[in-house]
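Please open the structure in your viewer and keep the selection tool at hand. The tour makes two stops, and each one begins with something to select.

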Amino acid sequence: MATAKASAKKSGKSAAKKTLVIVESPSKAKTIGKYLGSSYKVVASVGHVRDLPKSKLGIDLENDFEPQYIAIRGKGDLIKELKKEAKQAGKIYLATDPDREGEAISWHLAFLLGIDPMTPCRIVFNEITKDAIKAAVKNPRAIDLKLVDAQQARRVLDRLVGYQISPLLWRKIRRGLSAGRVQSAALKIICDREKLIRDFVPKEYWNLGAVFLKDKKFAAKLVEYNGKKLIVENKEQADGILADLKAGSFTVTTITKKERSRRPFAPFTTSSLQQDAANKLGFTTKKSMMVAQQLYEGIEVKGHGTVGLVTYIRTDSVRISIEAREAAKGYIHQNFGQNYIGNNVFSNKKKDIQDAHEAIRPSNINLDPEVIKESLTKDQYKLYKLIWTRFLASQMAPAVFDSMQVSIVNGAYGLKANGSKLLFDGFQRIYNPEMDEDQDRLLPQLEEGEVLHVVELTSEQKFTEPPSRFTEASLVKDLEEKNIGRPSTYAPIIATLLERKYVLRQKKTLLPTDLGFLVTELMEDYFKEIVDAGFTAEMEDQLDDVEIKDLNWKIVIRDFYKTLNEELKIADEAIEKVVIEDQITDQLCEICGKPMAIKSGRFGEFLACTGYPECKNTKPIVQTIDVKCPDCGGDIVVKRGKSGKVFYGCSNYPECKKAFWYKPTDKKCPKCGALLLEKKTKTTQLACSNDQCGYKE
C-alpha cells in the first residue's frame with residue numbers, strides 16, 4: 001500500500017513537470033512564452049551552441065571530412081543551464097527557425113541534451129501567433145536529418161574554402177583578408193561590372209519626333225524607315241531626316257485600341273523584400289533583415305499584447321496559405337468592395353527548396369500599419385507597411401487601362417504615338433508601382449487617313465551610357481538570377497565585402513577597390529571555379545540536392561575538395577608576394593617631419609608616418625568641405641558619429657563644438673546671416689542653419 005502511495009506521489013510530481021521549449025532568441029522566447037502559458041517554460045539558446053572551432057580548420061580531412069564540432073566559446077554557462085532545465089522538464093520541444101540553419105541548431109541541441117533526434121522533439125511554425133504555436137505543439141516531429149546534412153554540407157564547404165584560401169591571401173597580400181565560396185563570386189561580379197564601366201566607349205544617337213496639335217498637343221516618336229527600325233547616329237543624318245519630314249506631310253495610318261491590365265507583384269520573398277526596402281526605403285540589406293527579424297519575433301502592440309507581425313522572413317517561395325488568402329479577401333471585400341478581390345496565381349521562378357515556407361506576409365491582415373503605428377519604431381513601421389501593402393495588393397484585382405497606339409507615316413518614315421487612361425485602379429488603389437507607362441497620357445480623337453497639323457519637329461542628341469554600378473538591391477537581384485547564394489546569405493555577403501574593404505559604398509552604389517580587384521585577379525588566376533558564377537550556381541544545386549534528392553553530402557565535398565586541394569598546391573608555389581605600395585601624401589609628420597602615408601586598417605584608412613618604426617605617429621584622415629566655422633573660423637570637416645552617421649563639425653573640437661547634421665555651404669542666409677545648409681527635398685535646396693529663422697530656397 002505504501003509503495004502504491006509513493007508511486008502515486010511520484011506520478012503526480014512527474015505530471016506537474018513543465019514542458020521545456022527551446023528557441024534561438026530571447027525576444028522570440030518572450031513572445032512564445034506568453035502564448036503557451038504556465039505549464040511551459042520557454043528559453044533561448046541565443047543562436048548556435050556548437051560549431052566548428054575558430055582556431056583551426058575543424059574538419060578531419062583524413063576521416064572523410066568529418067566535422068569536429070565543439071561547444072561555442074562563451075556558451076558554457078548557457079549550455080549548463082539548458083542541461084539543468086532539460087533534466088527538470090517533463091518534455092522538451094526544440095522550436096528553432098524553420099529552415100536548414102534552425103534544423104541544425106535543433107540537432108546540435110539534441111546532441112548536447114541527450115535527445116534522440118528521431119523522436120518527436122521538433123516543432124516548427126511559419127509565424128509567431130497563438131494559433132500557429134498551439135498547432136505546432138500538437139504536431140511535433142523528428143529532426144529532419146536531410147535539412148541538417150544540407151546545412152552541414154554548406155558549412156563544411158565554406159570552411160574549406162575560407163580557411164584554406166584566406167591564409168594564402170594573408171601570406172601573399174596582407175593579413176585580415178578573406179575568400180569565400182559565395183563571397184568571392186559576388187566580388188568578381190562587382191569587379192567585372194566596373195571593368196565594363198571603365199572600358200565603355202559612348203556612342204552618339206539622336207531621338208527624333210514631332211509634336212502635333214488637334215484640340216491639344218501630343219507627341220510622336222520616329223521609329224522606322226521603310227518598315228525597319230531606324231537608328232539615327234549623328235547630326236548630319238538627323239538634319240537630313242528632319243528636312244525630309246519638313247517637306248512631307250503626316251498621315252494617320254492605323255489606330256489600335258485595346259484594354260490592357262497590370263497584375264500586382266507577388267508577395268515578398270527574402271530577396272525581393274531586400275530589393276524593395278533598398279529602393280523605396282533606403283535600407284541596407286543588413287538593416288532590412290534586422291528590422292524584419294524584429295517584426296517576426298514579436299512586438300508589443302497596444303491592445304494586442306506581444307505579436308509576431310510577419311511570417312518567417314527567410315524564404316524564396318511566393319506561396320500563400322489558403323487561410324491567409326481568405327483573410328485577405330475578407331479584408332478587401334470589407335474595405336474596398338467585391339470588385340477589388342483578385343484571383344492571382346503566383347509561381348516560383350526556379351526550383352524552390354523552401355516551399356514549405358510561405359512568402360513573407362503579415363501574420364494578421366487586420367493589423368493595419370496605420371492603426372499600430374504608435375507601437376512601432378520608425379523603421380519597423382516603414383518595413384511593416386511595405387510588407388503589409390505588398391501582400392494585400394497581391395490579393396487584389398489587376399489595374400485596367402484603356403490603351404491607344406497610333407501609327408503615323410510621312411513618306412517612308414514611320415512614327416508612333418501612345419496614349420493610355422486608367423479605367424480601374426485595382427491593386428494600385430493601395431500599391432502604386434509608379435510605372436511611367438501607367439500614367440494617364442490621353443490622345444485626342446483621331447481617325448485613320450487624317451492628315452495631322454505639325455507644330456514642331458523635335459531632335460535630341462543622346463549618348464549611350466555605361467552599365468550602372470551595382471546597388472545592394474541590384475546585386476541581390478543579380479545574385480538571385482545567377483543562382484549564387486541563398487536569401488539568408490545576401491546580407492552577410494555584402495557586409496563582408498564592405499568590411500574587408502574589397503568594396504566601398506559610394507552614393508548607394510558598390511564600388512570595388514584596388515584591393516578588391518587584386519584579390520579577384522588572384523582568385524581568377526588560381527581558383528577559377530570559386531569565382532565562376534556558373535560553377536557556384538551548379539554547386540548550389542548540388543547542395544540543394546542533399547536536401548531534396550537525399551544526395552550524400554560527403555560525395556559533394558569529396559568531388560569539390562579534390563580540385564580545390566590541387567589548386568591550393570599550385571597557387572602556394574606560384575604566387576609571389578604582392579607588395580601594395582602605400583600612397584604618400586603631401587602632409588608632413590609634425591613629430592619627425594617625414595611624409596605621411598595613407599594606410600588601411602581594421603576601421604578604415606588613416607595617416608601614418610613613413611618613418612615607422614622609429615616614429616609611430618598616426619592620425620585620422622580629415623575631409624574638409626571648404627567652409628569655415630561661423631563661430632571660430634576653423635575648418636568644417638566631415639565626421640562620423642558612433643552610429644556611423646555622417647555629420648559636419650568644427651576642426652577645433654573640443655574647444656569649438658559647432659556641428660551640423662546637413663552639409664553647410666559658404667552661402668549666408670539673407671534673413672539672419674547664418675550659414676545655409678544643403679537640405680534637398682522636393683521643394684527645397686537650401687535651408688538656414690538657424691532653427692529659429694526658417695528661411696528656405
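A cavity here is a set of grid points where a 1.4 Å probe fits but cannot get out, and its lining residues are those with an atom within 4 Å of such a point. Keep in mind throughout that this is a predicted model.

With that rule, the count comes to 1 cavity of 30 Å³ or more, and about 40 Å³ of space lies in the largest cavity. To find the largest cavity, select Arg181, Glu529, Ile530, Phe535, Thr536, Met539 and Phe560, which line it. By character, this lining divides into 4 nonpolar residues, 1 polar residue and 2 charged residues. Now colour helix H16 (528-531) and helix H17 (533-548), each of which supplies at least two residues of the lining; H17 gives the most, with 3 residues.

For the second stop, select helix H9, residues 270-281, and place a distance marker between its end C-alpha atoms, which are 15 Å apart. Because each residue should add 1.5 Å, the 12 residues of H9 should span 16 Å, and the distance in the model agrees with this.

How many of the 12 residues of H9 are buried? The helix is mostly covered, with 9 of them buried, and these are Thr270, Ser271, Ser272, Leu273, Gln274, Gln275, Asp276, Ala277 and Ala278. Show the helices H10 (285-297), H12 (378-394), H13 (472-481) and H14 (490-499) as well, since the buried residues of H9 pack against them. Finally, move past the end of H9 to glycine 282, which follows the helix and has a positive phi, near 75°.

Note on methods:
Residues are numbered from 1 along each chain as its sequence is written. This is a predicted model: local features need pLDDT of at least 70, side-chain atom pairs count only at pLDDT 80 or more; totals for chains, interfaces and linings use all residues. Side-chain values use heavy atoms; hydrogens and water are left out. On a 1 Å grid over the protein atoms alone, a cavity is a set of points where a 1.4 Å probe fits but cannot get out, and a pocket is an open set with protein on both sides within 12 Å along at least five of seven lines; lining residues have an atom within 4 Å of a point. Grid points are joined across faces, edges and corners, and a volume is the space filled by probe spheres set on the points. Helices (H or I, at least four residues) and strands (E, at least two) are DSSP runs, numbered from the N terminus. Ala, Val, Leu, Ile, Met, Phe, Trp, Tyr, Cys and Pro count as nonpolar, Asp, Glu, Lys and Arg as charged, and the others, Gly among them, as polar. The expected span of a helix is 1.5 Å times one less than its number of residues. Buried means under 20% relative accessible area, exposed over 50%, partly exposed in between (1.4 Å probe, protein chains only). Contact means heavy atoms within 4.5 Å.
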